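Hi everyone, thanks for making time this morning. Let me put the structure up on the screen, and then we can walk through it together.

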Amino acid sequence: MPRARKKRCIYVDTKARYFKPRGVPLDNLDIIQLTFEELEAIRLKDLLGLEQTEASEKMGVSQPTFHRILKEARKKVSDALVNSKAIEIYGGDYKMGLRHYECQNCKHIWETNTLPNEESIICPKCKSRIIDDAISCHRKFNRNI
Ligand SMILES: [Zn+2]
């Protein structure tokens, strides 16, 4: 029996979108499909500059799996850039990560899986803006993440 694949944990906006060379109709272009977990891998490693261990933990996958996702993502993006192909960000096998917040003033802890505006995070209890946050796929708050 095939083993059920564990869903990757991501924290990116999951609206489907296209990137394409200017002035060429989409119908005339090769389209590369980049999955949301591939986008998340690039975001964590290349945009945020996380270490591979940290990035793989955030996505809830092993380091070799993360490396494989990242490698595939970079290959697709560079293929599109070099060979003038369109990129469609769509699909994949993922679940949304939970973001945990802890107020540094009153120590209130809460979690959400919606995308917050970083500047508008306010403690719901004491209205403080001094907030710590962490992302994980786990329901239970874990201070080590
Ligand atoms: Zn508070």
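**The core and the helices around it**

Let's start in the middle. The largest nonpolar core has 20 residues, and the ones with the most contacts inside it are I10, L39, A41, M59, F66, L70 and A73. Several elements feed into this core: β1 (8-10), α1, α2, α3 (63-82) and β4 (86-89) each supply at least two of its residues. Please keep in mind that this is a predicted model.

Now let me step back for the overall layout. The protein has three helices and eight strands. Reading from the N terminus, the order is β-β-β-α-α-α-β-β-β-β-β. Of the 145 residues, 24% are buried. And if you take the contacts with a separation of 6 or more, 66% of them are between residues 24 or more positions apart.

Back to the helices. How do α1 and α2 cross? The axes of α1, residues 36-47, and α2, residues 52-59, come within 10 Å and cross at roughly 145°. That crossing is right-handed.

If you'd like to find the contact on screen, look in α1 for E37, E40, A41, L44 and K45, which meet Q52, A55, K58 and M59 in α2. Sorted by class, this contact has four nonpolar, one polar and four charged residues.

Staying with α2, which of its residues are buried? In α2, the buried ones are A55, S56, E57, K58 and M59. Right after α2 comes G60, with a positive phi near 70°.

M59 deserves a moment of its own. We have already met M59 among the core residues with the most contacts. Setting aside its neighbours within four places in sequence, M59 is in contact with R8, C9, I10, E37, E40, A41 and F66. Two of those, E37 and E40, are α1 residues that we saw meeting α2.

Let me finish with a hairpin further along the chain. Strands β6, residues 98-103, and β7, residues 109-112, run antiparallel and are joined by four bridges. If you want one pair to look for, E102 has I109 in β7 as its bridge partner. Five residues lie between the two strands of this hairpin, and K107 in the turn has a positive phi of about 70°.

That's my tour, and I'm happy to turn the model around on screen for anyone who wants another look.

Key:
Residues are numbered from 1 along each chain as its sequence is written. This is a predicted model: local features need pLDDT of at least 70, side-chain atom pairs count only at pLDDT 80 or more; totals for chains, interfaces and linings use all residues. Axes are lines fitted to C-alpha atoms, for helices over the stretch in contact, and angles run from 0 to 180 degrees between N-to-C directions. A crossing is left-handed if the near helix is turned anticlockwise from the far one by less than a right angle, and right-handed if clockwise. Two residues are in contact if their C-beta atoms, placed from the backbone, lie within 7 Å. Ala, Val, Leu, Ile, Met, Phe, Trp, Tyr, Cys and Pro count as nonpolar, Asp, Glu, Lys and Arg as charged, and the others, Gly among them, as polar. A nonpolar core is a set of buried Ala, Val, Leu, Ile, Met, Phe, Trp, Tyr and Cys residues joined through C-beta atoms within 7 Å. A residue is buried if 20 or more other C-beta atoms lie within 10 Å of its own, exposed if 12 or fewer, and partly exposed in between; C-beta atoms are placed from the backbone. Two strands pair if DSSP finds at least two bridges between them.
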